[in-house]
Structure formats: C-alpha cells, structure tokens
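Here are some exercises to work through with the model open beside you. Try each task before you read its solution.

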Amino acid sequence: MLGLTEGVFLVLIVTEFVLGNLVNGFIGLVNGSHWFKSKKISLSDFIITSLALFRIILLWIIFIDGLIIAFSYHSHDSGIKMQVIDVLWTFTNHFSIWLVSCLGVFYCLKIASFSHPTFLWFKWRASRVVVGMLWGALLLSCVCTMSLMNEFKIYSVLGGSRGTSNMTEYFRLKTNEYNLMHVLGNLWKIPPLIVSLAAYFLLLLSLGKHTKQMQQYSTGSRDWSTEAHKRAIRIIFSFLFLFLLYFLCFLILSFSRFLPSTKTVRMIGVVIAMSYLVGDSFILIMCNNKLKQTFVAMLPCECGHLKPGSKGSFAS
C-alpha cells in the first residue's frame, strides 16, 4: 500500500517525465527536421539535439528507477536490474553533463570577447576545440562506465556473503567498501563541472563588461541592446543554478545510503534530477532563436514579437 509520500512522489515524477519528453522531443524534432531539410547542421544545434536525445533516455531511466523506489524499494539495490540501471544511468548522465560543458565552451568562445592570446587562440579554433571535447567526453564516459565493474564485483561478494554464517564483520567491511566506491564515482563529474563553471564565468564577465560599456555610452537606440545583454546574463545564471542543483542531486543520491531515511532522500534526489532535465531544456528553447520562434508559433495566441538574431538569445 502506497503512502502519502509515495503518492506525491509518483505525481511529481509522472508530470516531470511527460513534460521532459515533450520539451526534449520538441528540440529533437525541430532541429532534426531542419537537419533533414537543409542536409546540414551547425555545431551548436548538433550538441543541443544530442543533449535532448540523451536527456530523453535519461528521463526514462530515472523514471523507471523512481517507480522501483516507490513500489519495490526493498529490491532496489539488488539483482541484475540495479546493475543495468547503474550502467545506463552512468553513461547517459556523464555524457549529458559533458555535452552541457561543451555547449558552454562553444557559447563562451563564440560570444565572449577577451584580448588574451590564449583565449584568442581557442576562439579562432572554436569548432575544432569543441569537437575534440566531444570525442574526449565520449571516451571519458565509457571509462567512467567501465569503472562500475569494480563496484559490481564487490556487490557480487556482498550477495554471496549475505547468506553465510559468521561473516558479519566481513559483510560490513565490504558494504562500506561498496558504498565508498559508489560515492567516489562522483569524482568523474568534477572535470565537466569545472569546465562549465569556467566557461560561464568568462561569458558572464565578458557580457557584464560589455553591458557596462553600453550603459556609459547609451543612447535611445542602444537601450534595447543593453537589455538584451542583461537578459543573456540572466539566462546564464539560470543555467548555472540548475547545473549546480543537478550536481547537488547526485550528491544527495550518493550519500543517501549513509542516511537513516534513505528512501525519502532518494525520492527527493530523483525529483530534483528530473526537474533539471525539464527546466534546463526549456531554457535552451528560450535562448535559441530558431527553437523559440517555432515554440511561440505553436502557441494559441502570440504573446510577443520575436526579434531574430538578437544578442539576448544564443543564436545558432
């Protein structure tokens, strides 16, 4: 019998699951149809489309994991299903995080303006740098997934020792080792976090400096441009907030095994993770001219006029 907590949890994850699939499916459909018609796709559109597809897969994985937590929590960390979910979740999540980092680096190199020789070197080779990052991200995601095999070996030992007499101390040590390995797995997420923070910090610094310059020499015709830059800064802050919230979610899920109310903590982590996949994808639509125009055109009433190519959006 499900309690009130499980009922609220199920309503939240079902809602987020449906919204997440609609939002990310919209991104994939719009960019995919444009790719099919024009026979070419920009690097930013390719990253955004790949991100949307991986997020759809991730939504399904997290949703299934959430259902297991709600209906069969006692068997959540046991059996082959745990291993399959862990492998799929680890790869799709890690590569998705790197895709976000690559997108941040691409926007930074294309939009930010600095006179430092190192930055200019990267800026002139923006596409090659980001493509190299994508290949590196794929390789690191595979290595990160392979590292789970050590966890599964420990888990097999746990399963074998559980029914053996006089193995209490050994079982406890192996359990702690397994939990520690699971927590240390989050270290793989630190490099893309650092890359994203650095890219968005430089982008905020450049936009902030440019906004101040425009405010000093502002005229009536430049007010709109200043507001566009301020809007871009707010968008970047939204990206950063949701990105950090997502990392917080994985810390919660990892350390939940050390907390007394594990089930409740894991349910909170699942809700936060799915909220990020919905919210961040919606922001991607709002800050991309092509996606935003298509989205507004689908609305029953036009709520405003779009200005194509504005600096308030990260145009493709």
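Helices (H or I, at least four residues) and strands (E, at least two) are DSSP runs, numbered from the N terminus. This is a predicted model, where local features need pLDDT of at least 70 and side-chain atom pairs count only at pLDDT 80 or more, while totals for chains, interfaces and linings use all residues. Residues are numbered from 1 along each chain as its sequence is written, and side-chain values use heavy atoms, with hydrogens and water left out.

**Exercise 1. Get the overall picture**

Task: Find the order of helices and strands along the protein, and work out what share of its residues is buried.

Solution. Start with the pattern: reading along the sequence gives α-α-α-α-α-α-α-α-α-α-α. The tally is 11 helices and 0 strands. Next, burial: "buried" means under 20% relative accessible area, "exposed" over 50%, and "partly exposed" in between (1.4 Å probe, protein chains only). On that scale, 46% of the 316 residues are buried. Finally, look at contacts (heavy atoms within 4.5 Å). Of those between residues at least 6 apart in sequence, 78% link residues at least 24 apart.

**Exercise 2. Helix 1 against helix 10**

Task: Describe how helix 1 and helix 10 pack, giving angle and axis distance.

Solution. Two packed helices are described by the angle between their axes and the distance between the axes. Axes here are lines fitted to C-alpha atoms, for helices over the stretch in contact, and angles run from 0 to 180 degrees between N-to-C directions. For helix 1 (residues 4–38) and helix 10 (residues 262–286), the angle is about 25 degrees and the axes are 9 Å apart. Now classify: under 35 degrees counts as roughly parallel, over 145 as roughly antiparallel, 65 to 115 as roughly perpendicular, and the rest as oblique. Helix 1 and helix 10 are therefore roughly parallel.

Then check the handedness. A crossing is left-handed if the near helix is turned anticlockwise from the far one by less than a right angle, and right-handed if clockwise. Helix 1 crosses helix 10 in the left-handed sense. For the chemistry, Ala, Val, Leu, Ile, Met, Phe, Trp, Tyr, Cys and Pro count as nonpolar, Asp, Glu, Lys and Arg as charged, and the others, Gly among them, as polar. The contact of helix 1 with helix 10 has 16 nonpolar, 5 polar and 3 charged residues.

Last step, pick out leucine 19, which sits in helix 1. Its relative accessibility is 42%, so leucine 19 is partly exposed. From leucine 19 to phenylalanine 282 it's 263 residues in sequence, but 9.7 Å in space, C-alpha to C-alpha.

**Exercise 3. Two more helix pairs**

Task: Which residues make the contact of helix 2 with helix 5, and which make that of helix 10 with helix 11?

Solution. Take helix 2 (residues 43–71) and helix 5 (residues 126–146): they pack at about 20 degrees, axes 11 Å apart. That makes helix 2 roughly parallel to helix 5, and their crossing is left-handed. Leu43, Phe46 and Ile47 of helix 2 meet Ser127, Val130, Val131 and Leu134 of helix 5. By class, the contact of helix 2 with helix 5 splits into 6 nonpolar, 1 polar and no charged.

Now the other pair. Helix 10 and helix 11 (residues 289–298) pack at about 95 degrees, with 6 Å between their axes. Helix 10 is therefore roughly perpendicular to helix 11. Phe282, Leu284, Ile285 and Met286 of helix 10 touch Leu291, Lys292 and Phe295 of helix 11. The contact of helix 10 with helix 11 comes to 6 nonpolar, no polar and 1 charged.

**Exercise 4. Asparagine 93 and serine 101 in helix 3**

Task: Is asparagine 93 buried or exposed, and what does serine 101 touch?

Solution. Go to helix 3 (residues 80–111), where you'll find asparagine 93. With a relative accessible area of 2%, asparagine 93 is buried. Beyond its neighbours within four places in sequence, asparagine 93 contacts Leu58, Lys189, Tyr246 and Phe250. With tyrosine 246 there's a side-chain to side-chain polar contact at 2.7 Å (a pair of N or O atoms within 3.5 Å; within protein, one must be able to donate a hydrogen and the other to accept it, and residues adjacent in sequence count only if both atoms are side-chain atoms).

Move on to serine 101, also in helix 3. Serine 101 is buried at 0% relative accessible area. Setting aside residues up to four places away in sequence, serine 101 touches Met133, Pro192, Val195, Ser196 and Phe243.
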